Structure formats: structure tokens, C-alpha cells
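Hi,

Here is the structure I promised to pass on. Have a look at it first, and then read my notes below.

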Amino acid sequence: MKKKLTYLQMGAMLLFAVSAQTQNGLFISEVTDPADDYSGRFVELYNAGNETVDFSTTTFYLSRQSNGGTGWGNLLLEGSVAPGQIFVVGGSSFEAVYGFAPNLVSGILIGNGDDAYFLYRDGSHTEGTLHDIYGAIDTDGTGEPWEYEDARAVRLEGVSAPNTTWTAAEWEITPADIADCDPGVHHDSGGGAEPPPPGNFAITVHNDTVSEGQPVEVPVSVSELTLADNIISWQFDLEFDPAVLEYTGYDLTGTIAAGGTLEVNTAVAGSLSMSYMNSAALTGAGEIVRLQFNPLVTDTTDLLISNGWLNNTPVEHLTDGTVIIVDAIPPSAAITYSDTINRFADTLVITAALNKTMDPANPVQLYMTGAVTHTAEMMRVNDTLYNYHFPVPKADGEVVVGMGNGTDLWGNEVVAVPVSGETFYITNFTPGDVDDDGLILAYDAALALQHSVGLDPLPVVDPLPWENWRDSTANVDGTDAITAYDAALILQYSAGIITEFPGGGKKSLAVADVSVEFEGNALVFYAYGELLGLNLEVTGERKALGVPVFLLEVPYGQEPSGFLSAVNISETTYSIGFCSTISPSDGTPVLKIPVKQIGSLTFRLRVNSEAKDMTVHATTGLGEAEHDRIVVYPNPAKDHLFIHTGVFGITDSYRMKIMSQLGATVFETAIEQGEYMIDLSNWPGAGIYYLQMTDRKGAVVVMQKILLQ
């Protein structure tokens, strides 16, 4: 069975009597079901009489019975048919198929090839009188002689009167496509279905803009109607995007069409065919219906109106509408942070993940209140991701983060309060407290001093490079590096000599200098001014130098004198540093470095906070180092450490010293015999130490790093 159109029922308005002579001129002249397009179906009536049949004074119904069953469709005919003219009843797509409008549009009377048609006068099929017939009552036409599926049935030319019994001899049934059909023409009659001129009326579909999730109601209005126009019916087709809108119904309440009957054909997705009738004429201008939809997505669709009719007059002015579904939900952000511990001089990366695409024309702002007051524009990473690199200032406490200024593509402003991560904390910054234990001690100075010579003083807690905040705690003089001078200031603070650091400009930096002399195969450095810290690094040939001797150092076992030293010597590195709480007098020797070969040496110095380079030309009578005669084993050592000085049969007497990483002497003895053992069972602690061997002349013959477990 082919697709059937929705029924449209229109009741009779007026009943009038006419002469039998006038009635007998009207009969069914053609029934069609084109094979290639069902929307081209139509039914023709022909007036073979010599008087006009006026449907306003003569009541006629064209009725269809579906498949011989109880389903009936009844159409009250309107208008008139002049002698020798045709009256065409077509569907809503008739004009699009054939290029002109039918005399009357109805979707319920377009049969599918096995439906019978009947012409009744003075009422419908229930109370009227049968006037003419195509087919048979209560009979499915499938297989019947009058079946017209994919064909057209045309009344023969000699027929001039209706017949209440279908007679095969009156009809010619032939296969047909749209091209084979000629609505409005009955043999040589012609002209019966010429489209009437359009009336100067207007039907307007209005625009609507709603938020996603809200129902849509689109008014359709008509121009001024008067009683003289006698408009009792209207119809139009409407197309829209079914992916954007879902049709849900209509409302006539409060419109000028209230009280009438409206039928809507929704058989085709995204298309409405609407037919309305009323027993009283419509008057005035305004809404004739409000169409109701559900929005499906945020998008825009046009509402395209076509085939507008008032009674049987086409409407001249049809205006399309537009529905815009907007997203009214504002975007919100989830905030994340690159770190949980934030101190002065850290850089905290703040990331905002938005739940909607943001408008690049409106920058997203980040603002902070609480421990910090700050506003900044975030950097756009992509449509929904923004970040900001925040240099953490000196502050202590909770920082509340909010969003501002940014909008999504619909213009909705971002929600100020983030859905997560709305706060972070800045931990109080304490200059000098390098280990972050709440106290400033000599240990903090030692950590800074070791850092100044490239050692890794906190390999587990914060391996090099230190986090920025820890750098800031050690760099108390506010210069570009952590130096022995910083260690000296921390050492002074821990001893109560100073009560504040000069990094904030509260106190001028101490002025100092050093000089160097070549004395007895060694370079001796002398202090001048207020020397509190000295860093030294060799930039040339490091193998020319022996183990440094710190001349301010107190011998092992004596009370400390506020002096710290650190040494970092390896195959590629020669870096030392020392600091003191009290500066030595001018001209005091503070450092002695043995020189093992002739040549020029360049030192990079940091005298207090001042960086300077110094080149020294050294001359020495030292011979080859004797370290090849000495073996130290095992390394690493746990229980015992052996020093064998009799390699190759050569023996001598030596002085051995073991120093900590800070340069403090922790063990010292003379070695006379060929092999010497050190018991490590009561050693102060495991770690990295330096073993130094000097010969009887005082020359360093071994400087070796050892690991004690």
C-alpha cells in the first residue's frame, strides 16, 4: 500500500437546494495515482451542463472510502464550476508538481489506487444523496476492474452525466507518471483549473529566540481581514530543520482564529501542512495560530512558509520566520595548580579548564584576594583551556581565586566562583631558614656554603637545582647567586651578631677584598676590609693545585670560632668556599693552596657579594707527585680503611688528614709504616669525606674523595 495523507475533515456550512438540471451536469471526470510521485495525485470534476454549479447554493461533498473499509474522508466543495469547465482537487504539493494551484486543496482525498470516490449532494456520505461514483462502496479496489494504482482513470469523452453505478465502459485506465497527467483538461474542455489571481493578503511567520531547554512558541499572523472578505478557511505549508526543532502542537487560544478547527499533517519530518476552517468569517489582523516546538540543539533554523491560501485565494505575501536556540548557561572553570607548596620566588602555574568553548575576543581574567590582591589576563591554550604563570610574592596565608571577564560563544559571562580549586596557600617566607625548620642556625649557613661550591647538601629533600623558594632563603644578600657571603650572613644571624639581612636594602653590603702571594710553593690569600665570605673556583688547569688549607680553621677538637668551610674537588672541579661570623684583620692570611706545577692560573672569586677574576703566575720547584706510591682501599669503606704507602718498594713518612665536606678536620695522624689501618666502628657518621696525604716536606701527594658507609 502506498503512503496515505492525513485526513482533513471540513463540515458543511450552508445547505441550499438547486434544480436537478443544474446538478446533473457535474460528475467525476478523472482519478489519478502517478507511479513516480504520489504527491501528484488529484481528482477532477467536470461540468457537462449548461449552467454554473455554485457550491455556495448547491451543497456537494467529494468523499473517499479507504480500502473498502470504514475509513471515510469528506470534503465540502467550495467555489463554483462553469459549464464546460473542470474543478481540480489536489494535495498540498500539487502546485509544486504541476506549477499551479488546484481549485481546492485536500490531503484526505488523494487515494492510493484501490480507494473508491463518491460525489454526494445535500450532505456527506452519511446523510447525502449519492450523485456519482468511481469504484464501489465497501469494496477494496485491489484486483477490481476499477483499480488505478500507478495509473490514471479518465472518463470517456462521450459521457455527459453522472452515474451512481461504476461502469467500466465509461472509463479508460492507463499506466501513468506525472508527465502523463494533465490536470485541468478534460479532453478538449481545458481551462477549468487555471489558478485564481493571488489576493493582496499577507501571512507572516514570526521570529523567536529562546534558551536551550525552553519551549518554543512561534506566532503566525495574517494581515487585515474584513467581513466583506468572508475568510472562513486558511492553509499553508511550513518547513523547518527537524534536527533543531521538534514539533509538539499548536494553540489557537486568543487568536482571531479561535473557535475554528485546525488539522495538521506531520507525515514528513520537518514539514507541516496546516488546514483550518471556521463557520464564521475571520476579521481583524493578528495571530491566527501559535506553533509549538521543543528545541533539540543550540542552533538556528528558518521556518519557510509556502502554499498560503485564504479560502480558495492564494496569499500574495508570505514571510518566513527564524528560530534561534541559544545556550544561556554560563561557563564555569575548574582550577588546578602546578604545586601545593608555594613560597616567595616560586612560579605557580594556574590552569583554568572551562566547560564550554570560550570566545577568543573576550580575554579570560583571573583575580586574587586574601593574602594577595592581584588581577591578570590568562593565556589562552585552546578553546577551553587557559593558564597563568604567577610569580609568588612574599606573603603568608590563603589566596582566593576567582574568574572574570571571559564569555562563551553565546556571550554568557564566566561564573566568578570556580567549581574547584578556588583557593591556594602561600607559605611564609623566612630568609636564612634554608632547611625550613622554623629556625636559623649555623646548619643553614653550612647548607648555603656547600651550595656555593656546587655540592648537593640536601640530596634527598631537595636535590640540585634547589626549588626557587629555597634559593631565596639562602640568597639573603639579594644578589644573583648563593655565595659564601650569604652563608656568613646566615651564620652571623644565627649567632645574634645581626638581626636582619641586607637583601631588602635595609643594610649596605660589607666591602672587602683579597690579595694573593706566591710563598713557598703555595698561593696564600690575604683578607682586607670586612671579609666574611670567600668563594674560589679555578677556571684553568685544576691539576696544578693541591688541597686547600684554611688558615682560620680551628684544629679538630677545639672550640669552634664561627668559621665554616666547604670543598668540592674532583677530576673536573676545584671549588672552595669559607665564611666567618667575624671578619679577620686587614692583611690576615686566610687561605693557602699548594701549587704543584709552574704556570698561570685564573681564579673566579666571589669576595663577599662581589664577583671578580684573578690571574696568578706561579713558579714552583715541586717534583712529580708521589701519589702513585700510595694505595687507599677499600672505597667505599665500612669497617676498616687501609692506607698502603709501600707500593713499588718505596717507603716514606706522611701526614694523613681526613676532612668532612665542610672542610673540618675529623681525623689526623702520622703514618710511618708501609700499611696503616683506620678502625671505622666508632666513626662520627657515614658520608663523603676527603683524605689528604702530605710528605715530610709538606707537599700534598694525595687528595682523594672517600665514601664511608
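Strands S28 and S29 pair in the antiparallel sense, over two bridges. Keep in mind while reading that this is a predicted model. In one of the pairings, Met-379 has Asn-387 in S29 as its bridge partner. S29 covers residues 385-391. Both strands belong to an open sheet of four, in the order S24-S25-S29-S28, with antiparallel pairing. S28 (379-380) is one of the edge strands there and S24 (333-337) is the other, each pairing on one side only.

If you follow the chain out of S24, you get into the loop that leads to strand S25 (347-354), and Ala-345 sits in that loop. Its phi caught my eye: the value is near 80°, which is positive although the residue is not a glycine. For context, most residues other than glycine have a negative phi. Is Ala-345 buried or exposed, or something in between? Ala-345 counts as partly exposed because its relative accessibility is 28%, and the range for that class lies between 20% and 50%.

There is another open sheet of four strands, ordered S27-S26-S30-S31 and again antiparallel. Its edge strands are S27 (374-377) and S31 (423-426), and each of them pairs on one side only. On average, neighbouring strands in this sheet are turned by 25° against each other, direction ignored. Strand S30, which runs over residues 397-404, pairs with S31 over four bridges in the antiparallel sense. If you want a pair to click on, try Glu-398, whose bridge partner in S31 is Tyr-425.

Now to a spot that I think you'll enjoy, around Asn-311. This residue is in the loop between strand S21 (300-310) and strand S22 (313-319). Asn-311 counts as buried because its relative accessible area is 18%, and the cut-off is under 20%. So what do polar atoms of its side chain lie close to? One is 2.7 Å from the backbone oxygen of Asn-230, and the backbone nitrogen of Ile-232 is 2.9 Å from a polar atom of the Asn-311 side chain. Beyond its neighbours within four places in sequence, Asn-311 is in contact with Asp-229, Asn-230, Ile-231, Ile-232 and Ser-233.

Asn-230 deserves a look of its own. It lies in the loop between S15 and strand S16 (233-239), and it has a positive phi of about 50° without being a glycine. Unlike the buried Asn-311, Asn-230 is partly exposed, with a relative accessible area of 43%.

At the far end of S22 you'll find Thr-319. Thr-319 is partly exposed, with a relative accessibility of 37%. Which residues does Thr-319 touch, not counting those up to four places away in sequence? They are Ile-203, Thr-204, Val-205 and Ile-305. The C-alpha atoms of Thr-319 and Leu-304 are separated by 7.9 Å, and the two residues are 15 apart along the chain.

Next, the inside of the protein. The largest nonpolar core has 35 residues, and those touching the most other members are Trp-234, Phe-236, Leu-245, Met-274, Val-289, Phe-293 and Leu-310. Strand S15 (residues 216-225) gives the most to this core, with five residues. In soluble globular proteins, nonpolar side chains tend to be buried together. For a closer view, centre on Phe-236: leaving out residues up to four places away in sequence, Phe-236 touches ten-odd positions spread along the chain, including Val-220, Leu-272, Met-274, Ile-288, Val-289 and Ile-305. The contacts of Phe-236 also take in Ser-273, Ser-306, Asn-307 and Gly-308.

One oddity in the backbone is worth marking too. Leu-464 and Pro-465 are joined by a cis peptide bond, with omega about -5°. Most peptide bonds are trans. Pro-465 is in the loop between helix H3 (442-452) and helix H4 (468-474).

Finally, some numbers for the whole chain. The protein chain has five helices and 47 strands. Buried residues make up 49% of its 709 residues. The accessible surface comes to about 30800 Å², and 50% of that belongs to carbon and sulfur atoms. Among contacts between residues at least 6 apart in sequence, 68% join residues at least 24 apart.

Cheers

Note on methods: Residues are numbered from 1 along each chain as its sequence is written. This is a predicted model: local features need pLDDT of at least 70, side-chain atom pairs count only at pLDDT 80 or more; totals for chains, interfaces and linings use all residues. Side-chain values use heavy atoms; hydrogens and water are left out. Two strands pair if DSSP finds at least two bridges between them. Axes are lines fitted to C-alpha atoms, for helices over the stretch in contact, and angles run from 0 to 180 degrees between N-to-C directions. Buried means under 20% relative accessible area, exposed over 50%, partly exposed in between (1.4 Å probe, protein chains only). A polar contact is a pair of N or O atoms within 3.5 Å; within protein, one must be able to donate a hydrogen and the other to accept it, and residues adjacent in sequence count only if both atoms are side-chain atoms. Contact means heavy atoms within 4.5 Å. Accessible areas come from the Shrake-Rupley method with a 1.4 Å probe; for residues, only the protein chains shown count as cover. A nonpolar core is a set of buried Ala, Val, Leu, Ile, Met, Phe, Trp, Tyr and Cys residues joined through side-chain atoms within 4.5 Å.
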